[in-house]
Amino acid sequence: MTAWLCKRILQALVVVLIMTFIVFVGLHAIGNPIDILIGPDTDQRDRALLIAQMGLDQPLWKQYFMFLKSALQGDLGKSFVYNEPAINLVLQRFPATLELAFAAMLIAIVIGVPLGLISGLYPDRFPSRLIMTGSILGFSLPTFWVGLMLITAFSVSLGWLPASGRGQTVEVFGMQWSFLTANGLYHLLLPAFNLALFKVSLVIRLTHAGVREVLPMDYIKFAKAKGLSSFRIITTHVLRNILIPLTTVLGLELGSTIAGAVVTESIFSWPGAGKLILDSINGLDRPVILAYLIVVVCVFVTINLLVDITYRILDPRVRLEKQL
């Protein structure tokens, strides 16, 4: 296990290194931030001085190695717009994005798994067909449209939930969290549900398919023959086996949820890293864009590693295959 873990960590570091190079080169191909930061009437001497100060006059390979050297020391550059360390700006906003993403995945699991179980156990009944039809809508409806409809219905018409902002927060471990306060939960509910809608449909489909695949298995028939209750069969035999593919997919989906929260954060004015990256893209603030993308890559790689470890814990066959 230790040797496997070291190998996976080394692979993760290589992936992060490759991604930093791809992102760095890609960002330097989409435009010149100097054209946005200064006006067209600026003196050429001042323009050249600013370019030199930002290090943009150096060859691309040299800029990359300078960036890599600084990154190893925890410095991902200083924002062109805010004149602050880019990594600090991203990390200040990232807890809000993480909170939103985890809340969305929790909603997806709490709603999706029971509905998927019902549709898988009783596929020919009307409620099951209704659930599967509803899951198609969840895949089809665009996130921005659903978000606007949620605001119109629950904020404007009914006035039940706030339409924007994060609400009251509490500082824990030096970071601000809103889910620990009642006001923060009210603010979190609408954007989290909007972000979770696609994931709910995905979990329903995965759970339904897993249940339909597991039920005809011999060990399920044997458990029924032993006289085990339906509740015990479902919780002990069916759920445990469908958790393996669910864990893999949901782990990967968590990364995409964090990266894809940009639209939801913009609609609900959620002060997360997604809103920051949109503003940085509009201003071609390369250090902030680069810092955000590197943080997201690190989150993806870490989640993949945790999924692999969890998979080995849940499925003993994986450990046995490695030993053979």
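These legends walk through several close-up views of a predicted model.

**View 1. The whole chain, to get your bearings.** Before zooming in, here is the overall make-up: the chain has 14 helices and two strands. Of its 324 residues, 41% count as buried. Now look at the contacts between residues at least 6 apart in sequence: 74% of them join residues at least 24 apart.

**View 2. F94 and its surroundings in helix 5.** Start with F94, which sits in helix 5, the run of residues 86-121. Is F94 buried or exposed? With a relative accessible area of 4%, F94 is buried, because anything under 20% gets that label. Set aside the residues up to four places away in sequence, and F94 touches I258, A273, Y292, V295, V296 and V299. Take I258 from that list: F94 and I258 are 164 residues apart in sequence, yet their C-alpha atoms are 9.3 Å apart in space.

**View 3. The largest nonpolar core, and a second one.** Pull back a little from F94 and you'll find the largest nonpolar core, which has 60 residues. Which of them touch the most other members? That would be V90, F94 and Y292. Helix 5 supplies the largest share of this core, with 15 residues. There's also a second, separate core, made of eight residues, with I151, L161, L190 and F268 among them.

**View 4. Helix 5 against helix 6.** Here helix 5 packs on helix 6, which covers residues 126-140. Their axes are 8 Å apart and the packing angle is about 130 degrees. Why is this pair called oblique? An angle of about 130 degrees falls between the 115 that ends the roughly perpendicular range and the 145 above which helices count as roughly antiparallel, so helix 5 is oblique to helix 6. The crossing of these two helices is left-handed. On the helix 5 side, the contact is made by L115, I118 and S119, while S128, I131 and M132 do the job on the helix 6 side.

**View 5. Helix 6 against helix 8.** Stay with helix 6 and turn to its meeting with helix 8, where the axes come within 8 Å and cross at roughly 140 degrees. Helix 6 and helix 8 are therefore oblique to each other, and helix 6 passes helix 8 in a left-handed crossing. Helix 6 brings I131, M132, G134, S135, I136, G138 and F139 to this meeting. From helix 8 come L197, F198, S201, L202, I204, R205 and H208.

**View 6. S201, a serine at the meeting of helix 6 and helix 8.** Zoom in on S201, which lies in helix 8 (residues 182-214). At 3% relative accessibility, S201 counts as buried. What does S201 contact beyond its neighbours within four places in sequence? The list is G134, S135, G138 and F139, and each of these residues also appears on the helix 6 side of the meeting with helix 8.

**View 7. S155 in helix 7.** Another serine to look at is S155, found in helix 7, which runs over residues 143-157. S155 is buried, with a relative accessible area of 16%. Leaving out its neighbours within four places in sequence, S155 is in contact with L150, L161, P162, A163 and L190. Two of those names, L161 and L190, also turn up in the second, separate core.

**View 8. Aromatic rings meeting in pairs.** A pair of aromatic rings is described by the distance of the centres and the angle of the planes. How many aromatic pairs are there? The count comes to four. One of them joins Y64 and F65, an edge-to-face pair with 5.8 Å from centre to centre and 65 degrees between the planes. Y64 counts as buried at 7% relative accessibility, whereas F65, at 51%, counts as exposed. Then there's F154 with W160: the ring centres are 6.1 Å apart and the planes stand at 45 degrees, so this pair is tilted. F154 is partly exposed, with a relative accessible area of 29%, while W160 is exposed, with 58%. Finally, ring pairs link F21, Y64 and F65 into a cluster.

Conventions: Residues numbered from 1 in each chain as written. Predicted model: local features only at pLDDT ≥ 70, side-chain atom pairs only at ≥ 80, totals over all residues. Heavy atoms only, no water. Phe/Tyr/Trp six-rings, centres within 6.5 Å; stacked < 30°, edge-to-face > 60°. Buried < 20%, exposed > 50% of the residue type's maximum accessible area, 1.4 Å probe, protein only. Helix = DSSP H or I, 4+ residues; strand = E, 2+ residues; numbered from the N terminus. Contact = heavy atoms within 4.5 Å. Core = buried A, V, L, I, M, F, W, Y, C linked by side-chain atoms within 4.5 Å. Axes fitted to C-alpha atoms, helices over the stretch in contact; angles between N-to-C directions. Parallel < 35°, antiparallel > 145°, perpendicular 65-115°, else oblique. Left-handed = near helix turned anticlockwise from the far one by under 90°.
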